[in-house]
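Q: Got a minute to go through this one with me? I'd like to start with how the chains meet.

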Amino acid sequence: MLVTYIQAINQAMHEEMARDDNVFLLGEDVGVLGGAFKATDGMLARFGNERVVDTPISESLIVGAGVGMSIQGMRPILEMQFIDFISCGFDQIVNMAATLRYRHGGQTACPIVVRGPCGGGVHGGLYHSQNPEAWFFHVPGLKVVAPATAYDAKGLLKSAIRDDDPVIYLEHKFLYRRIKEDIPESEFVVPIGKAALRKEGRDLTVIAYGSPVHAVMKAAKDMAKEVDIEVIDLRTLLPLDWKTIRASVGKTGKVLIVHEARRTGGIGGEIAARIAEELFESLDGPVMRVAARDTHNAFSAPLEEYILPNQEKITEAIRKLASY
Amino acid sequence: MDERKERELYFWLRLIREFEDRVSALDKQGKVQGGVYSGKGQEAVTVGVCHDLRADDWVFPLHRDLGAFLVKGADPGRLMAQILGKRDGFAKGKDSFLHGGDFSHGIFGATSMLGATLPVAVGSAYKFKVRKEDRVAIAFFGEGASSRGDVHEAMNFAGVHKLPVVFVCENNFYAYSTPNELQFAVEDVASRAQGYGFKGEVCSGNDLHAVMKAAGKAIHRARGGEGPTFLECKTYRYHGHSEHDRATYRTEEELVTWESRDPVERWETYLGKRKYDIASIKTETTERVRKIVDDALAFAEGSPLPEGPEAMEDLYATPVTEG
């Protein structure tokens, strides 16, 4: 079945709500409108307005009420219309949901999914382009996933809904309708915590996730005659699939980390530090990063182009790293 | 109300006071690891609201509502262990005081972000409503927390969906040191209810009868599908914000005035008027609550402290092995 990335997300929610009547959906304009991007298209008509709730513009309420439903046995999906707005629900995520089980000594689970469109490349400007994963990567008690393909978008969302812990699900809006993929008709899930080895190679490892995975794959293909690149798509950011990273670094000895989020304080820094601590002997070169420049997500095309990673910047970094 | 009920209510008032006085004394002896937030003086609020709740109703207490824990059924020994940071506390030592609830009795543990439990209470109430369960959620908060956005967002949503929730505002006139006139420009916080499309009521939080009457009506409305109520109980805390706060921002006269309206003594006066043998009720109750608190403390002192590596437990319901 040929689907776009956003159709895969829509299917995952339809299937899980049909499978389990404890699954609810809350968000701004998710019902009558079917979502600002149509991710929740058809859900109100199918599941009714008790389970598909158009909320007031209240992100903190959306997350907090989700926690309240979850302790009563429900499994709410909580949509942030743009993931940028998640900062308005930040306290409910990091202090309420993430600590819920811990501060109750294991008495309860907190099966909520907070999902929404992240990422740039669509001239969304400062408040419609953000990549907030690093804020949540720092918080124990959360899980963070960021699919790059339609298959993973569907499989990871289904896993996230079934998971008993709070999951931040980052869907990249640049991919919504730009990728179309053949996925199985039959039921499948993608496990949380497992990276995907997108391409095997001997010379150099590129670790990426979300939208940049596609630029990395294209670069790897275009540079095939020059350098044999291995590509890891993390898929889950918290917790990291360290086993897959370790095996690859042990083999290639060179690592480039690519993410669209800002460089300073980004996830790449943590991965690089851990590689330095635990795999120093395996390295044949510095762990390098290609990430967004340390500025805000500027709007106008030349500015955004300057800020975000692209195939050209990735290719340049690969050449530099390969030369070691 | 029959005598049995009146004496039971007196027992709750006295148990809360005895428990909190003991915790304050332990704190002075340096036996409590963290902060102690006494609700002494406010006992009638939690007793009046919780005394008639069902086992499957939920309460969302604030940091001063030790009484809600006790009246809703939490084990006093585990509660004391919680306060002493022991393994048998509800949080197994992972957080202090009232941050760990007791889910088996429908008691939610708050965070320190005051008012943040209101959206959670509202989410629970939403489930009760759509599943046609005649259960209620009780969300306690202070007049200080009423300034937070979470309180507004929660009340607004509860009003839209007519949810079975009672918002109980314990207005004790100070948010830590900040007096009400710097917190809001209205006399009664409950007047805000009008803006959310439901009823607001004000009562004396030191008068158990008044709290019971107002809370009873609000709970009845919630259970009957008539939606939320904003119930403001005017009361006063005798201690500072926490035990280390000497509360120099208020006058001695003010404290004395409020002590003259003490909720426990007030109930004793009432029992006396009912021609019960108040002297023997007092003696009997004193022995009973002391024994409970002594036993609770003995249990808590006997409970082990957690081991360091337990800090890594209970983070996830379904942990992912890193490999």
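**Chain contact and one helix**

A: Sure. Keep in mind that this is a predicted model. Across the interface of chain A and chain B, 30 residue pairs are in polar contact, both partners at pLDDT 80 or more.

Q: And how many salt bridges between chain A and chain B?

A: Zero.

Q: OK, which helices of chain A supply residues to the side that touches chain B?

A: Helix 3 (59-70), helix 4 (90-103) and helix 8 (242-252) each supply at least two residues there. By class, that side of chain A has 21 nonpolar, 17 polar and 14 charged residues.

Q: How many residues does each chain put into the contact?

A: Chain A gives 52 residues and chain B gives 49.

Q: What's the area buried between chain A and chain B?

A: About 3,900 Å², with 57% of that coming from carbon and sulfur atoms. On the chain A side, A:Gln72, A:Tyr102 and A:Arg103 lose the most area to chain B, together 19% of what that side buries.

Q: Switching topic: helix 1 of chain A. Is it mostly covered or mostly open?

A: Mostly covered, as eleven of its 15 residues are buried. Among them are A:Tyr5, A:Ile6, A:Asn10, A:His14, A:Glu16 and A:Met17.

Q: What should the span of helix 1 be, at 1.5 Å a residue?

A: Residues 5-19 make it 15 residues, so helix 1 of chain A should span 21 Å. Its end C-alpha atoms are 21 Å apart, which agrees.

Notes: Residues numbered from 1 in each chain as written. Chains lettered and ligands numbered in written order. Predicted model: local features only at pLDDT ≥ 70, side-chain atom pairs only at ≥ 80, totals over all residues. Heavy atoms only, no water. Contact = heavy atoms within 4.5 Å. Buried area = accessible area lost by both parts, 1.4 Å probe. Salt bridge = Lys/Arg side-chain N within 4 Å of Asp/Glu carboxyl O. Polar contact = N/O pair within 3.5 Å; in protein donor to acceptor, adjacent residues only side chain to side chain. Helix = DSSP H or I, 4+ residues; strand = E, 2+ residues; numbered from the N terminus. Nonpolar A, V, L, I, M, F, W, Y, C, P; charged D, E, K, R; others polar. Expected span 1.5 Å × (residues − 1). Buried < 20%, exposed > 50% of the residue type's maximum accessible area, 1.4 Å probe, protein only.
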